[in-house]
Amino acid sequence: RQNCRIYLESFNLYETEKFLIEKKGIEWSHYDICECYMILGGIPYYLNLLNKNMSPSQNIDNLFFKKRGALWDEFDNLYKTLFSKSENYIKIVEALFKKKSGLNKSELLKETKLANNSVFTAMLRNLEDSGFIRTYSYFGNKKRGTFYQLSDYFTMFYLKYVKDNYGKDEEFWTHHLDNPSRRIWAGLTFEQLCKDHIKQIKKKLSIGGISSEISAWSTSATDEHDGAQIDLLIDRRDRIINVCEMKFSENKFEIQKDYDENLRNKLSVFKEVTGTNKAVQLVMVTTYGLKKNMYSTRIQNEVTMADLFEKE
């Protein structure tokens, strides 16, 4: 008789690196491990399929794009194994995949055309408990309610690249090393990676012991102000708000004039619209840090990819 449930969390980056080195003999750079994590997540079963004699890109081709690769049909098998009426669960994750910033319950119902009942509520709870989706709220606007966001790396990668490409190019990922689409994907998924390592970010900022709430924020353009969006806010009990900007790049990230203007507008609109009287500090989370120039002085704190690999 079932008398308990066991929720197994996936590895974080620290645990993933340790697993790859100690169990697989794989010693990749933090950059390569991050990219791999943004595809497979910290799932030991998937990580165990990696081959130390192949490059990271060759491994992804071998697992996803090679005919009869180990993970080519994993998506359907995964959802069918975990959930009854898996087609409805897939409708939910596909709807969330199309809207990277997330959807609230009413928007999800509209997109999926599923019935608004206890079964739908249970499906959302099951997906959240299983780590496929996450819930979050908007800063200072409880009326907007709870939003749901797709958070499973494997699902996101499958829907973007594998679903419509399987069998067409067995070296698809290697051939797209310098493709703009891949860079955009990496940038967006790195934001997800940062949200999953918020403890490491807070540790780097020396605020691990300070009570805080994590949220997002956005506003549309009006006659009075421009539109703005912030994907990660750390609202601290000590009356400071950290606005986190996340950038994934192969080298040190350089703030140019147009991006500096975007940052200044973002902070100005945020303060104006929210009316907050807390101190607002700008944090950059990047792969290799910031390239120092006339614009980098605006950044109060930096977090690098190496900091995300810290033990909790």
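**Figure 1. Ten aromatic residues form one cluster in this predicted model.** The cluster holds Tyr-45, Tyr-46, Phe-64, Phe-65, Phe-154, Phe-157, Tyr-161, Phe-172, Trp-173 and Trp-185. The structure as a whole holds 31 aromatic pairs.

**Figure 2. Tyr-31 and Phe-248 form a stacked aromatic pair.** Their ring centres are 4.8 Å apart. The planes meet at 25°. Tyr-31 belongs to helix α2, residues 30-40. Phe-248 sits in the loop between β6 (240-247) and α13 (257-274). The two residues are 217 apart in sequence, so the pair ties together distant parts of the chain. Both Tyr-31 and Phe-248 are buried.

**Figure 3. Phe-64 and Phe-65 make a tilted pair.** The ring centres of Phe-64 and Phe-65 lie 6.4 Å apart. Their planes stand at 50°, so the pair counts as tilted. Phe-64 is buried, and Phe-65 is buried too. Both residues also belong to the aromatic cluster of the opening view.

**Figure 4. Helix α2 is mostly covered.** Of its 11 residues, nine are buried. Tyr-31 is one of them. The others are Ile-33, Cys-34, Glu-35, Cys-36, Tyr-37, Met-38, Ile-39 and Leu-40. Gly-41 comes just after the helix. Its phi is positive, at about 70°.

**Figure 5. Tyr-259 is a buried residue of helix α13.** Its relative accessible area is 12%. That value is under the 20% cut-off, so Tyr-259 counts as buried. Which residues touch Tyr-259, leaving aside its neighbours within four places in sequence? They are Glu-245, Lys-247, Phe-253 and Met-284. Lys-52 serves as a second marker for this view. Tyr-259 and Lys-52 are 207 residues apart along the chain. Their C-alpha atoms are separated by 39 Å.

**Figure 6. Asp-307 is buried in helix α14.** The helix spans residues 305-308. Asp-307 has a relative accessible area of 13%. This is under 20%, so the residue counts as buried. Neighbours within four places in sequence are left aside here. Beyond them, Asp-307 is in contact with Gln-200 and Lys-204.

**Figure 7. Ser-206 is an exposed loop residue with a positive phi.** The loop runs between α12 (198-204) and β4 (212-219). Is Ser-206 buried or exposed? Its relative accessibility is 63%, over the 50% cut-off, so Ser-206 counts as exposed. Its phi is about 60°. The residue is not a glycine.

**Figure 8. Arg-239 also has a positive phi.** The value is about 65°, although Arg-239 is not a glycine. This residue lies in the loop between β5 (228-236) and β6. Its relative accessibility is 44%. That falls between the 20% and 50% cut-offs, so Arg-239 counts as partly exposed.

**Figure 9. Arg-125 is a partly exposed residue of helix α8.** The helix covers residues 118-129. Arg-125 has a relative accessibility of 45%. Thr-135 is shown with it. Arg-125 and Thr-135 are 10 residues apart in sequence. Their C-alpha atoms are 9.9 Å apart in space.

**Figure 10. The whole chain gives the setting for the close-ups, with 14 helices and eight strands.** The radius of gyration is 20 Å. The globule rule gives 20 Å for 312 residues, so the chain is as compact as a globular protein of that length. Along the principal axes, the C-alpha atoms fill a box of roughly 55 × 50 × 40 Å. Of the 312 residues, 46% count as buried. Among contacts with a separation of 6 or more, 63% join residues 24 or more positions apart. The chain exposes about 16,800 Å². Carbon and sulfur atoms supply 45% of that area. The chain carries 47 positive and 43 negative charges. The mean positions of these two sets are 4 Å apart.

Conventions
Residues numbered from 1 in each chain as written. Predicted model: local features only at pLDDT ≥ 70, side-chain atom pairs only at ≥ 80, totals over all residues. Heavy atoms only, no water. Helix = DSSP H or I, 4+ residues; strand = E, 2+ residues; numbered from the N terminus. Rg over C-alpha atoms; globule rule 2.2 N^0.38 Å. Buried < 20%, exposed > 50% of the residue type's maximum accessible area, 1.4 Å probe, protein only. Contact = heavy atoms within 4.5 Å. Areas by Shrake-Rupley, 256 points an atom, 1.4 Å probe, with all protein chains shown as cover. Lys, Arg positive; Asp, Glu negative; His and termini not counted. Charge placed at Lys NZ, Arg CZ, Asp CG, Glu CD. Phe/Tyr/Trp six-rings, centres within 6.5 Å; stacked < 30°, edge-to-face > 60°.
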